[in-house]
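Here is a brief report on one protein chain. Keep the sequence and the 3D view open while reading.

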Amino acid sequence: MYKDILVSIDLGHADDEVRTLETAVDYARTFGSRLHVMTVVPDYGMSIVGGFFPKGHEQEAIQHTNDALHDFTKKQVPAEIKHRHIVGHGSIYREILRYADKVKADLIVLSAARPSPEDYLIGPNAARVVRHASISVLVVR
């Protein structure tokens with residue numbers, strides 16, 4: 001049923017993401033799917049903000065995040081599950097949607113914490129992915 005599953009992980013809350021990845025692994029095992037495990041390094045939004053960081057800081061952050069993602073999946077994804085690693089850079093929900101399209105995912109798996117008051121006004125990334133995705137989205141709480 002699902003050939004390619006994109007699972008988005010927030011490495012800033014890695015302990016909370018274990019259940020999300022376990023759920024994606026269960027789906028991959030059940031359907032013989034390939035997992036695309038991704039995380040996103042947010043951008044600064046405004047170029048003036050980027051000027052306060054040393055040159056090459058974003059590339060270092062991306063490389064550090066890639067290493068952390070590999071370490072996380074090494075512990076959490078069984079060897080028999082086919083998977084790849086993706087580190088996006090930019091707007092979190094846009095990167096998730098972009099890569100879902102790029103890898104031709106049939107399902108997106110992501111977590112959502114309980115929303116805080118400001119999330120009701122601007123919308124958390126999970127809500128934006130659910131709202132704009134053209135494929136099924138499984139939200140793990």
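## One face of helix 4

Start on the outer side of helix 4, where R94, D101 and K102 are exposed. The model shown here is predicted. The other side of the helix tells another story: Y93, E95, I96, Y99 and A100 are the buried residues of helix 4, which spans residues 92–102. Viewed down the helix axis, these buried residues fall within an arc of 160 degrees, so they line one face of the helix.

What lies over that face? The cover for the buried residues of helix 4 includes strand 1, strand 2, strand 3 (83–89), strand 4 and helix 6 (125–132). Just after the helix, K104 takes a positive phi of about 55 degrees.

## A buried glutamate

E95 sits in helix 4. Is E95 buried or exposed? Its relative accessibility is 8%, and the cut-off for buried is under 20%, so E95 counts as buried.

The side chain of E95 has a polar atom 3.1 Å from the backbone nitrogen of H89. Leaving out residues up to four places away in sequence, E95 touches M38, V40, G88, H89 and G90.

## Overall layout

The protein has six helices and five strands. Along the sequence they follow the pattern β-α-β-α-α-β-α-β-α-α-β. Of the 141 residues, 36% are buried.

Contacts reach far along the chain. Taking contacts with a separation of 6 or more, 75% join residues 24 or more positions apart. The accessible surface is about 8600 Å². Carbon and sulfur atoms account for 52% of that surface.

## Two nonpolar cores

The largest nonpolar core holds 21 residues. V7, L21, L35, V37 and V109 have the most contacts inside it. Five elements each supply at least two residues of this core: strand 1 (4–8), helix 1 (14–31), strand 2 (34–41), helix 3 (57–76) and strand 4 (107–111). Which of them gives the most? Helix 1 does, with five residues.

V7 shows how these parts meet. Setting aside residues up to four places away in sequence, V7 touches T20, L21, A24, L35, H36, V37, M38 and V109. Apart from this core lies another, of 16 residues. Its members include L6, V40, I108 and V129.

## T20 in helix 1

T20 belongs to helix 1. Its relative accessible area is 0%, so T20 is buried. Beyond residues up to four places away in sequence, T20 touches V7, S8, V109, L110, S111 and V140.

One of these partners is far off in sequence. T20 and L110 are 90 residues apart along the chain, yet their C-alpha atoms are separated by 6.3 Å.

## Aromatic pairs around Y2

The structure holds three aromatic pairs. In one of them, the ring centres of Y2 and Y27 are 6.1 Å apart and the planes stand at 45 degrees, so the pair is tilted. This pair links distant parts of the chain. Y2 is in the segment before strand 1, Y27 is in helix 1, and 25 residues separate them. Y2 is buried, with a relative accessible area of 15%. Y27, at 28%, is partly exposed.

Y2 also pairs with F31. What is the geometry of the Y2 and F31 pair? The pair is edge-to-face, with 5.2 Å centre to centre and 90 degrees between the planes. Y2 lies in the segment before strand 1 and F31 in helix 1, so this pair ties together parts 29 residues apart in sequence. F31 is partly exposed, with a relative accessible area of 31%. Y2, Y27 and F31 form one aromatic cluster.

## Points to check in the 3D view

Begin with helix 4: the buried residues line one face, while R94, D101 and K102 are exposed on the other side. Then find E95 and the backbone nitrogen of H89, 3.1 Å from a polar side-chain atom of E95.

Next, look at helix 1. It gives five residues to the largest nonpolar core. It also carries T20, and it holds Y27 and F31, the partners of Y2 in the aromatic cluster.

Definitions and conventions. Residues numbered from 1 in each chain as written. Predicted model: local features only at pLDDT ≥ 70, side-chain atom pairs only at ≥ 80, totals over all residues. Heavy atoms only, no water. Helix = DSSP H or I, 4+ residues; strand = E, 2+ residues; numbered from the N terminus. Buried < 20%, exposed > 50% of the residue type's maximum accessible area, 1.4 Å probe, protein only. Contact = heavy atoms within 4.5 Å. Areas by Shrake-Rupley, 256 points an atom, 1.4 Å probe, with all protein chains shown as cover. Core = buried A, V, L, I, M, F, W, Y, C linked by side-chain atoms within 4.5 Å. Phe/Tyr/Trp six-rings, centres within 6.5 Å; stacked < 30°, edge-to-face > 60°. Arc of directions from axis to C-beta. Polar contact = N/O pair within 3.5 Å; in protein donor to acceptor, adjacent residues only side chain to side chain.
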